[in-house]
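Reader: I would like a close look at a single part of this model, set against the rest of the chain. Please keep to what can be read from the coordinates.

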Amino acid sequence: MRVVLLGTAAGGGFPRWSCACALCAAARDGKLPSRTQECAAITGNGRDWWLLNASPDIRTQLTVTPALWPGARPRDTWLRGVLLTDAEADHVGGLAALRGATGLKVYATPPVHAVLAPVRAGLDRYAPWEWADSLADGGFVLAGGLVVTAHPLAAKVPAYVPARTAADAPWVTAYRVEDLVTGRVLLYAPRVGAWSPALENLCASADCVLLDGTHFDASAPEAAARAGAGRAATGHLPVSGPDGSLAGLARHPGRRRIYTNLGDTNPCWTPTHRPARGSPPSRWKSCRTGPSSWSRRTRSVERGEDGAWHALRGGGDAPDTAVPVRPAPRTNLGDPTPGPGANPPGRTASAPVPPVAAAAPRRAGRGPCR
Ligand SMILES: [Zn+2]
């Protein structure tokens, strides 16, 4: 399994387009990395790719990610579909940009499908897509050999949905993605309202956890709401505090734990930020970022052995920020013949696809992953 973090910022991006807070100003000045809105892509065979949510920045994110560049023919894509965790505008806003792509399959829960009905009708006029219930039949298998189960985590209704809408429906889910070949598991939960027993069990069985890092402390949602984010600011479990997600993650050492969907007020953007006293000491990744629409630099923020946060700059102009989830050599499922976008023989899934220089000649009949 390979996972590419296409964007790691919460709605509005970082810097938030409408905000001049200290962190946003620092990002605008280039002192902190800029990030596009939260979105990821996964593949089990290096050929068939699936989006985890569709951010409003999806066009830019696809453009700067060589593994997701189109194939050799016009209107050719390795994208097979989208797995939606919820119906929030910053997670479904990119669907319109994908209009016209043939044969996409979109997974979501019934209330998400229902609220998207007008959008679905419009998109299907460009090219009919398949809209599937992510909760049906206990799970589903993606092309490329990934087994997925959806797990309801919260009933947070999107702010644009009328308040009378049923609030006890499964509006927010996490996805558990398992590689059939290696058994390695990714847990994708970019929106978490509370640390539930279900989430505890999901973390226990995962090798890599991508978790909601929108707010650092409990006061952040109210502050963000006062600043204009409204209802969208609520429904996120803070990182810090005795009941925060950091305390929950600390109970699951040995896993790769990565925060995504970071809000613009989250001090984790700052490399020198240290968690408050009392936070669980651990060696975990606070976040790792993908390409941004403002800069092609790839950066991440990591807490080092000394307990401090370190900003890591890597890749130069390389936009590929693949996160290798499994260390074992990759084996294609089904078709033994690598497709035009598949990894060449000898390459393993744990080896990130080298970036393709913009000026590199494209060989006819070969996909961009070469
Ligand atoms: Zn801001």
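In which loop is asparagine 261 found? Please also say whether asparagine 261 counts as buried or exposed.

Author: The model is predicted, and the answer should be read with that in mind. Asparagine 261 sits in the loop that runs between β12 (256–260) and β13 (285–288). Its phi is near 60°, which is a positive value in a residue other than glycine. Asparagine 261 counts as buried because it has 31 C-beta neighbours inside 10 Å, where 20 or more are needed.

A useful contrast is aspartate 137. This residue is not a glycine either, and its phi is also positive, at about 60°. Aspartate 137 belongs to the loop between β6 (130–133) and β7 (140–142). However, aspartate 137 has 8 C-beta neighbours inside 10 Å, so it counts as exposed; the cut-off for that class is 12 or fewer.

The strand that follows aspartate 137 leads into a run of pairings. β7 pairs with strand β8 (residues 146–154) in the antiparallel sense, over three bridges. Leucine 142 has leucine 146 in β8 as its bridge partner. Three residues lie between the strands of this hairpin, and glycine 144 takes a positive phi near 110° there. On to the next pair: β8 and strand β9 (residues 172–179) are antiparallel as well, with eight bridges. Within that pairing, histidine 151 stands opposite alanine 174 in β9.

Another backbone feature is a cis peptide bond between phenylalanine 14 and proline 15, with omega about 0°. Proline 15 is placed in the loop between β1 (2–7) and α1 (22–28).

For a buried residue in a helix, take serine 245, in α8 (residues 245–250). Serine 245 has 27 C-beta neighbours inside 10 Å and therefore counts as buried. Apart from neighbours within four places in sequence, serine 245 is in contact with Val192, Trp195, Leu211, Asp212, Leu237 and Val239. One of these partners, leucine 211, is 34 residues away along the chain, and the two C-alpha atoms are separated by 8.3 Å.

The nonpolar interior can be described in the same way. The largest nonpolar core has 77 residues, of which Ala40, Ala41, Ile42, Leu186, Leu187, Tyr188 and Leu210 touch the most other members. Strand β10 (residues 185–189) supplies the largest share of this core, five residues. Alanine 40 touches Val3, Val4, Leu5, Leu6, Leu52, Tyr188 and Leu210, leaving out residues up to four places away in sequence.

As for the whole chain, its secondary structure comes to eight helices and 16 strands. Buried residues make up 48% of the 370 residues. Of the contacts between residues at least 6 apart in sequence, 69% join residues at least 24 apart.

Confidence needs a separate word. The chain averages a pLDDT of 77, and 69% of the residues score at least 70. Over residues 278–370 the pLDDT is below 50, although this stretch has 191 contacts in the model beyond near neighbours in sequence. Where pLDDT is low, predicted coordinates should not be read in detail. This bears on the loop asked about: β13 (285–288), at one end of the loop that holds asparagine 261, falls in the stretch 278–370 with pLDDT below 50.

Notes
Residues are numbered from 1 along each chain as its sequence is written. This is a predicted model: local features need pLDDT of at least 70, side-chain atom pairs count only at pLDDT 80 or more; totals for chains, interfaces and linings use all residues. Helices (H or I, at least four residues) and strands (E, at least two) are DSSP runs, numbered from the N terminus. A nonpolar core is a set of buried Ala, Val, Leu, Ile, Met, Phe, Trp, Tyr and Cys residues joined through C-beta atoms within 7 Å. Two residues are in contact if their C-beta atoms, placed from the backbone, lie within 7 Å. Two strands pair if DSSP finds at least two bridges between them. pLDDT is the predictor's confidence in each residue, from 0 to 100.
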